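Me: I'm new to this one, and I'd like to understand the terms people use for it. Could you walk me through them?

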Amino acid sequence: MKLELKKISKNFHGVNALQDVNFQLKPNSIHALLGENGAGKSTLVKILCGVYQPDGGSIFLNGNQVSIADPAKSLALGISAIHQESVMFDELTVTENIFIGNHITKSNGLIDWKAMRVKTQKILDDLEANISPDEKIKDLSIAQRHIVQISRSLIHDADIVIMDEPTASLSQKEINELYEIIRNLKKQNKSIIFISHKLDEVMEVCDEYTVLRDGTLINADLISNTNKDQLITHMAGREINQIFPKNIVTIEDEIFSVKNLYKKTQFKNINFNLRKKEILGFYGLVGSGRSEVMKSIFGITKFDQGEIIFKNNSLKIKEPSDAIKNGIVYLSEERQNLGMTGLMSVKDNINMAIMEKNSDLFVINNQKETKNAAEMQEKLNIKVSYWSQLTQSLSGGNQQKTVIAKWLSTKPEVLILDEPTKGIDVRSKSAVHEFMGELVENGMSIIMVSSELTEILGMCDRVVVMYKGLIKEILDVKNTSSEQIVKIASGD
Amino acid sequence: MMSNLIPDKPPFKLFDILYKKEFILLIVLFVILLINSNISPYFLDLYNLIDSTFLFSEKAIIALSMTFIIIARQIDLSVASIMALSSCVLGYTTSLGYDTSTIIFLTLITGVLCGLFNGLIITKFAIPSIIVTIGTMSLFRGLAYSFLEDSYYNKFPEIVISMGSDYLFGYIPYAFLTFIILSIVFAFILHKTFIGKKIYSIGNNPDAAKYTGIAVDKYTIVLFAVNGLFSALASIFLSGRLSSVRPNIAFGWELEIITMVVLGGVYIYGGSGTILGVFISIFILGMLSFGLGLLNVPGVGIIIFTGLLLILSIGFPSFVKNFRRKNE
Amino acid sequence: MKKLLTNRDVILFLIILIGVIAVGIANPFFVKPSSLSDVLTDTSILIILALSQMIVILIRAIDLSVASNLALSGMLISLLSTLHPELPVIYFIILSCIIGTFLGLLNGVSIAILKVPFIVTTLGTLSIYRGLIYFVSDGKQVYSHEFSDDFLSLIHHKFLSLSFLFWMAVIVFIIIYVLLNHTKFGRNLYTLGGNPEAAKYIGINENKYIILAYSISGFFAGLCGYLWVARYSVASTQIAIGFELTVISACVVGGISVMGGVGTVVGCVLGAMLIGLIRNALPAVDISQFWQLAISGAIILIAIIINTKTEQRKEKTIMVE
């Protein structure tokens, strides 16, 4: 056994993040670590990376008991991690990022740039990556950054590579390339701990799996002995349809349309319309321009030419408040950074977009604020003890509900959702989808930017497929297939 | 209708007040008052106390608008320089013989324009305010020097002299009275209106505020313009009090004003703080200066004391917090 | 190997060149070798301080207390030298550096251990150190005749017809260049400033680097304390007042980003040189001294704005037209 964790426990402020978890990683194995958000996966990874210390249990590496006191020790033991939010330094070169914290020095103590560059070139060549050692990270694509992170693991002679959602923002071609690299690593006798929510991917790439739920070990076995549905059951504790069946809704007339939207270097000829009670999907590879279009519509950025028409009126949107005034709101992909204000209270957050409405002259009317917050809390079932509670103290799911509550308070008619279920576990995904269905039943229209085909096919009425800043096609979801959508999105 | 039973705040515990910054500041103030009154018989003299307010009233006025700036996650190092330039305009327009209302208007407008300049450069070019105001600090005072060169203005309208050195009803200095009134106004805006709420939002998370539809740039520009306006107003009081304006007027005042704000519990990185805290800290610093002055401690000693007080007021509580955490 | 000079450095250099030529046209005396050498000498202290400030700005902080540190260190050794004129000057230079380092260390401890934000700490120490000068000197100056010849003469030595001060700046440049580009410590400064969260994962101890960075800044402030006092042959409570702003402007003009993790040593020197050029050019073209402050301020603002425009990340191209 290459790595074995015995009865690992970790407790945070009285909450059991991990309880008596056993984990066994074989050599030459790609091992999936599965579980919903909050199941304990990231705590486990942080313990392996030396960020946290376990409260109980022991860790064995190649048969020897070890203590992973800090990140440096973790690296020294041959454990390396590739995170979703990459631990990268934009302004430094590829060479430097690979050798970060681990520079090669000459006998006089000064850095040996030449040796580092040579080694970097070699590794990049081995991985067949088309990257120069002197490029700055900020100029690389996401896939290229992953390769640099993997190179870093190789430099450290890592034995165990932990990959957390490695394909999250990659195109299909890049994903396949990554699978190749992973398989090569396996051939080099390394073991990989693979964390992913995409069960298709897990079934395809991995050899074994371990499922955690609520901090405890549920099951661990070979992939060949299981299937997707079983995995979902293990993870959620009950059977769930991955996609909530959409209620039938009678779609009404066109309510919103965009004509000839153009922004230099970003997008061109953007023409589409949205009908009342419709859910319109926007599919495309990461970097295809979908979010840029939405941000322009919402007024965060300006577009150079084009027209936005809402209820037969041409709208002048120069900043977000113009859009909000007209009933168009945008839920950004980055919930934590752009959606909520963590250090302000839940009541403040829920009411943040309607402060003027809640005021008499300039003075804030506390009763109006409380009334609205209470309505939203009940509608969305937000778990909160006091209104003055800071938003950052809520659980992830409740934080998201608070952000949604903020927008619903503005009584919008068009809701633009940018990757609303990204990085969310199966159970919460269902809840969001169910809620979206309710919203359109009650008269709202939704534009949903998504990178998950199953979500598009399951929730949307039509889908706009974008590629490199252009709309390639607008399809009726009933009359298309995932293969067709993927093909169009890849530029074919 | 809605019988929602979620309370606003956790149950009220008297004990919690003890931890509030404003309460601690009040205690510090009382201690200083106590010490001062024991040191010198002159301290508790009403007239002396009233007169002591002259020394800090002008700075105090600017501290109020500076509070908004800092809560909004900005900083303005150019306030003293704006004071200098505005005073020069005051003196210059007086020497040109304009009528009083024009003089005052032009002086105030100078402050507003300087503030607008700051705000526009910060927002249009997205440059951190600390850097921009380091630059305008030189620019504005430099303009004052180029105006006045080596000399000084000492002729001002009657009303200005009166504003700076006279008392309402013979008791309350106008400058101090203005400060008190403005404190109430600023406190009201910050804590009761949506304008104040928006300032807190901007200071806590400017990006999220933008996405929520708050006009972050507009608010920033206005805050700097207001800061400039009140700097100009303060310079009118100061010019009236001193009856003489040189280009080096108010030199170093930006540090004292920022000290007033930060000592008052306003977090330097924005998002939290109250006018009450700043109000009390202004008196702490004022009474401290006054007391040390009575002890014949030179102005320098007061500066050193203030610097130490500033650092320790933040360092001590945080040290205690860390100490406690390590022992848990 | 990284490019030796970035585009921005080249532009700065050209601007300086054009500036010198322009001033030379208005006042040919300015471009005489001896005049230019004087400008370099005059700028040397600024260069040294800008280079050491760079270390602090790289880790997303600022040291506003350098001028007060410089003045206090300078005053202390001046007073001591009047009491012990027989001691060789080297003792005083070393002592000044030690005092400066200690004052810088206090900043570092306040920020790293007491967690007082750097703005507040260095604003505080700026006042405290400046105030202490009054205390130790009783408000009085130390005049040139009170210094020993040994104390003052070192400054006026010339090597290869360039002044001692200039060579000091060159030595400091080399030291800091090697430090920032060829040592782990230096590279870790860039790492820490570029992404503090990630740097912690690598095992870089933020507190250690804060304390070291401010100590280094203090060290060079102490050194410049001697240099300043020796050069102007006077120690007073007023020396270098406001100079910290000049130093920071030099860094910002030179491309050191206050967001941390970005900036080249060459750029820093060029930034200091540009500021030094402005300070010396204005009197050379007969601009009254009273306009200097305003013009410097304006030029610095313009330089910062231009900097920011060129630095701003262009949006990634999604669509090819």
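Reply: Happily! Please keep in mind that this is a predicted model. Chain B brings 36 residues to its contact with chain C, and chain C brings 35 residues.

Me: What makes a residue count as part of that contact?

Reply: The C-beta atoms of two residues must lie within 7 Å. By that rule 36 residues of chain B and 35 residues of chain C take part.

Me: Which helices of chain B each supply at least two residues of the side that touches chain C?

Reply: They are helix 7 (129–148), helix 13 (253–263) and helix 15 (299–327) of chain B. Helix 15 of chain B has the largest share of that side, with 13 residues.

Me: How do you know how many residues on this side of chain B are nonpolar?

Reply: Residues such as Ala, Val and Leu count as nonpolar, while Asp, Glu, Lys and Arg count as charged. Sorted this way, the side of chain B that touches chain C has 24 nonpolar, 10 polar and two charged residues.

Me: What about chain C and chain A?

Reply: That contact takes 22 residues from chain C and 26 residues from chain A. On the side of chain C, helix 8 (184–194) and helix 9 (196–202) each give two or more residues, and helix 8 of chain C gives the most, with five residues. This side of chain C divides into 10 nonpolar, eight polar and four charged residues.

Me: Which stretches of chain A are called domains?

Reply: The domain assignment gives domain 1 (3–236) and domain 2 (254–489) of chain A. Their C-alpha centres lie 33 Å apart.

Definitions and conventions: Residues numbered from 1 in each chain as written. Chains lettered and ligands numbered in written order. Predicted model: local features only at pLDDT ≥ 70, side-chain atom pairs only at ≥ 80, totals over all residues. Helix = DSSP H or I, 4+ residues; strand = E, 2+ residues; numbered from the N terminus. Domains from an automatic or database assignment.
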